[in-house]
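Okay, thanks for making time, everyone. I'd like to walk you through a model with several chains, so let me put it up on the screen.

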Amino acid sequence: MSAPATKPNDTLLWVSLIVFGVVGLSVGKFFRPGPIAEAYVSVTTEVRTLVEEVPAANEAAAKPADGAAAEPVTGSTPPKRIWVDTDDPAIERQLKEGTLKRVPDVAQAVWDVRTPIDNAATAREQMASLENEAEKLSAPTDSTGLTKEEFDQREAARTAALKVVEEKRIVSSPRDSIGIWVGALLTLGILSFLVRDNPFYKVVESILIGVSAAYWMLVAFWSTLVPDLLAKLAPDLVRATMLPGLAQSEDPTQDFLLALIPLGLAIMLLWRLMPKGGWIAVWPLAVVIGTFAGMRLTATIEADFMAQIAAAMEPMAAFTTVPPDEAAIAAAQAAGTAPSPGREFNFGGTLAAILGLIGVVTVLIYFFFSLEHKGVVGKTARVGVWFLMITFGAAFGLTVMGRMTLLIGRFEFLFGDWLNVVK
Amino acid sequence: MLQRTIPMLILSASGLILILAYFSPVTVVWSDTVVGWFNILAGVAFVLGAGNLLAVNLEKISARRPGWAYAAITLASFGAMLVVGLGKWGAVPNPSFPDVHLAGDQDSTQSAYGWVYEYVLSPLTATMFAMLAFYVASAAFRAFRAKNIESILLLGTAFIILLAQVAAGAFLTNWIPEDRWYSFVRAEQLKEIILNVFQTSGMRAILIGIALGTAATSLRLILGIDRSALSKG
Amino acid sequence: MQQRKEQLPPGFRGFLVRLGRIDRRWIYLAVAVAIGVPMLAELRLPEVPEKKARATFEAIESIPEGSIVLLSFDYDPASEAELEPMANAMVHHCASKGHRIVFMALWPLGKQMADKTIDSVLKYYHPDKVEGVDYAQLGFKTGNEGVIKLLANSIDGAYTTDAAGTAISEIPLLANVRSVGDFKLVASISAGYPGAQQWVQYADSAMPEAFKLVGGTTGVQSSQLLPYFPTQMEGMLIAVKGAAEYETLVTEKYPVTESPERLGIGRERMGPQLVAHLLIIALIVLGNISMLAARGLKGGAR
């Protein structure tokens, strides 16, 4: 900020900011009274039970009949254990049939899942509709004209539906309300930089740097380093502690040996943090640069060079496909084929194609001719510059739209989520 | 040898494997292996970045450089985030494996990590970029001067796009019929022409230029002509 | 900034010259007002879909029902305001059409973006969709274009597990998906590098006929992507304007009754956008007028 802040000017600015803020918000609150920073979550309770597969009885009975040649089925492989939702009809059936049985002495896992509801009005609506539904479902039903069986069936369905509805709870969430306050203050902290650099901004900026560095590192750790590196080096440990769903590898030894290379490279790369032996980090860097260069070389030649030249050379005379005219239809009927659509010379399209080619060629001439920009080359290059100027002008227009949208997004957060004066 | 030649060979080998795989499907397995390492190293780079940040800020604090208190704030938020994120504090259990805590999902605001993401990281990053809206406006006022034919072309195009991208364009030019030879001056058609003819060809030429430049640089690196990339040590 | 006093011409001309040297913070305030007021007034405008948005819509419409599509969330909160509306509409579009969706991300925070859309659109409007069968969330992977490069040969080469830690081989949806070529459509909602451009370079170029590629792009990035349309990228949504147009197309064909605002964020943002654009135009005009007024003055406009 190089603005030469003169005192009176600053005061005026602050006064306008405050007046604008207070007036705007009072008007807003007048039309939309309601609490600030309210947040709701819908809570569902998940229950999982550990069950194990029971070998089918007929299978077990059939085994001895196969004769002594069949491998004896012993308890050498423990039955597969899985956590299931016992309310799932398929699981319920299996438990009844006895193909699954609950593992004794293992407590059920019970926890709440809180899903935020993005706007408070919706949340309140949903609260009301859930209440309604529950009321409707708990009302006694009429059994006239139904057999006992039909009635029972319906009752069972009703109870199940009621259970589902009652399990959905919508509650206000102080944790998220506090979060909205924090987010709003941090947002204002960044925006305060517009007035001038200040300690509040600096604090917020420091938080951003710290949090984002840690966040990115964690994302890389959990999403790549654990499943792609650690899981190959110590699959059983990773399966037991972090990634129980990890598939069994066909050849763990080979995986392990192959993973040693990236592990070594990773350690060498991290050597950069050491005060000495900086050259060690150059090896993994060589892999990175080499791979990158190799990938880029073929990709850009194909997608950005050849394909673009082909696209620039599209047929200069453009035709528009038009519905077949009467003569074509008559001819086609005579020949017994489908009428072929007609073509019409498209003046605008042709002009556009020619202009497009001129643009590509002239801009390239501007870029590439290391000759002095004089004479014909200079004139062509000048046309190229014009094309570039139009290109950049359009890019500027689109950039404005992009940047403004980002600010609109922040204002929506401040006015909507936090102050609750819009939507 | 260890410092220059071997890295050079590694670079060339990995680059050549990638190029070879483009022409011969047999070697795709090799190239995929190398790319797999590349992806892992990209992940390690995040760790390296965090480590660097740590080193810089620790140095700042220990030397009591100006602004060391801010460095302490950075470190504190870094540390706090790291602890909650590695331990998955408050993570929602994984429905298939509720008994393995670290298999849980910590991306919802229910967990500490998700909360920090939603209410600290996300608003901060978003606002940082939203500031550009103010700067772009200031630049429009100060730097966009119609001084010669080039800048007039730039300005004129920007004007048309700015109008045509919002309802103002339609409002100004909707009275022009849609199917006459002059209907191209309707804002939305003018915008299409600018984008599809002028901007596309301008950007296409730039793309072609960049592609040639990239290809040349890549080749120089792989063939060992340009060794500057590896000279750090 | 010069401190020396200079003689300003009197009257209107002097005012114009002084205007050109106004403290930039007044401009900032004007931007805030231009966006805040129409937002408080809830200004809404109709959208007429144009060619590129239609092409995107058609690309998703034209592939057979039940196709498996890949949506790559290549953005983060910094560009969320521009791209979330596209993502929401696209997910609703794909799900309504019966396509099965695989989510992934090339940006570290992209997985969070995808989660948000899954929660607010997929699970909300399409509660019958089952994870693993109708959709899958692969999450983020480091490596930028390296990830695409691997996906082009095999899914499980790039991803060991999905985001929740389920092995790829255990996901029914991916049983018949070997590589990117087995998707019918790939969409990159992209804010820069890595993004739609890399999808063109590394996936589309490797198998141009295998799938359709569409891109939702930010205003800043769209210029760079224009040359790829329509041969390499079948559809393109440019900035929030493209999002608003696409939303219109999607909700016309697949309307929702409850909370339609989740599929109208783009259109909502076009109101403040109008005023902001007019402000920028006014600023350019004023800046130039002031330059003209200051012409010939000592130390005049630069």
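I'll start with chains C and A, then go to the open and closed spaces, and finish with two neighbouring residues.

One thing up front: this is a predicted model, so please keep that in mind throughout.

Right, chain C. Its secondary structure comes to eleven helices and six strands. If you lay the C-alpha trace along its principal axes, the span is about 80 × 40 × 35 Å. There are 302 residues here, and 68% of them count as buried. As for contacts with a separation of 6 or more in chain C, 77% come from residues 24 or more positions apart.

On the surface side, chain C exposes about 10,300 Å², with carbon and sulfur atoms supplying 55% of that. For those of you who think in electrostatics, chain C carries 30 positive and 32 negative charges, and the mean positions of the two sets sit 14 Å apart.

Now put chain A next to that. Here we have 13 helices and seven strands. Chain A has 423 residues, and buried ones make up 39%. Looking at its contacts between residues at least 6 apart in sequence, 65% join residues at least 24 apart. The exposed area of chain A is about 23,400 Å², and carbon and sulfur atoms account for 65% of it.

On to the spaces, and I'll take the second largest pocket. Its volume is about 1,400 Å³. The lining has 43 residues, and those nearest the centre are Lys232(A), Asp255(A), Asp156(C), Gly157(C) and Thr160(C). So which helix gives the most to the lining of this pocket? That's helix 2 of chain B, with eight residues. Other elements supply at least two residues each: from chain A, helix 7 (199-233), helix 8 (235-241) and helix 9 (252-270), and from chain C, helix 7 (155-158).

Then there are the closed spaces. The count is two cavities of 30 Å³ or more, and the largest has a volume of about 110 Å³. Thirteen residues line that largest cavity, and closest to its centre are Lys191(B), Glu50(C), Lys52(C), Ile238(C) and Glu245(C). Chain B contributes two or more lining residues through helix 7 (187-222), and chain C does so through helix 3 (51-62) and helix 10 (239-253).

Okay, last part: let's zoom in on helix 4 of chain C, residues 80-97, where we find Lys97(C). Is Lys97(C) buried or exposed? It counts as buried, because its relative accessibility is 15% and the cut-off for buried is under 20%. Leaving out residues up to four places away in sequence, Lys97(C) touches Ile60(C), Glu61(C), Ile63(C), Glu65(C), Gly66(C) and Tyr254(C).

Ser96(C) is in helix 4 of chain C too. With a relative accessible area of 26%, Ser96(C) is partly exposed, since that class runs between the 20% and 50% limits. With the residues up to four places away in sequence again set aside, Ser96(C) touches His126(C) and Tyr254(C). So Tyr254(C) turns up in both contact lists. And how far apart are the C-alpha atoms of Ser96(C) and Lys253(C)? They're separated by 9.5 Å, although the two residues are 157 residues apart along the chain.

That's what I have, so over to you.

Conventions
Residues are numbered from 1 along each chain as its sequence is written. Chains are lettered from A and ligands numbered from 1 in the order in which they are written. This is a predicted model: local features need pLDDT of at least 70, side-chain atom pairs count only at pLDDT 80 or more; totals for chains, interfaces and linings use all residues. Side-chain values use heavy atoms; hydrogens and water are left out. Helices (H or I, at least four residues) and strands (E, at least two) are DSSP runs, numbered from the N terminus. Buried means under 20% relative accessible area, exposed over 50%, partly exposed in between (1.4 Å probe, protein chains only). Contact means heavy atoms within 4.5 Å. Accessible areas come from the Shrake-Rupley method with a 1.4 Å probe; for residues, only the protein chains shown count as cover. Lys and Arg count as positive and Asp and Glu as negative; His and the chain ends are not counted. The place of a charge is taken as NZ of Lys, CZ of Arg, CG of Asp or CD of Glu. On a 1 Å grid over the protein atoms alone, a cavity is a set of points where a 1.4 Å probe fits but cannot get out, and a pocket is an open set with protein on both sides within 12 Å along at least five of seven lines; lining residues have an atom within 4 Å of a point. Grid points are joined across faces, edges and corners, and a volume is the space filled by probe spheres set on the points.
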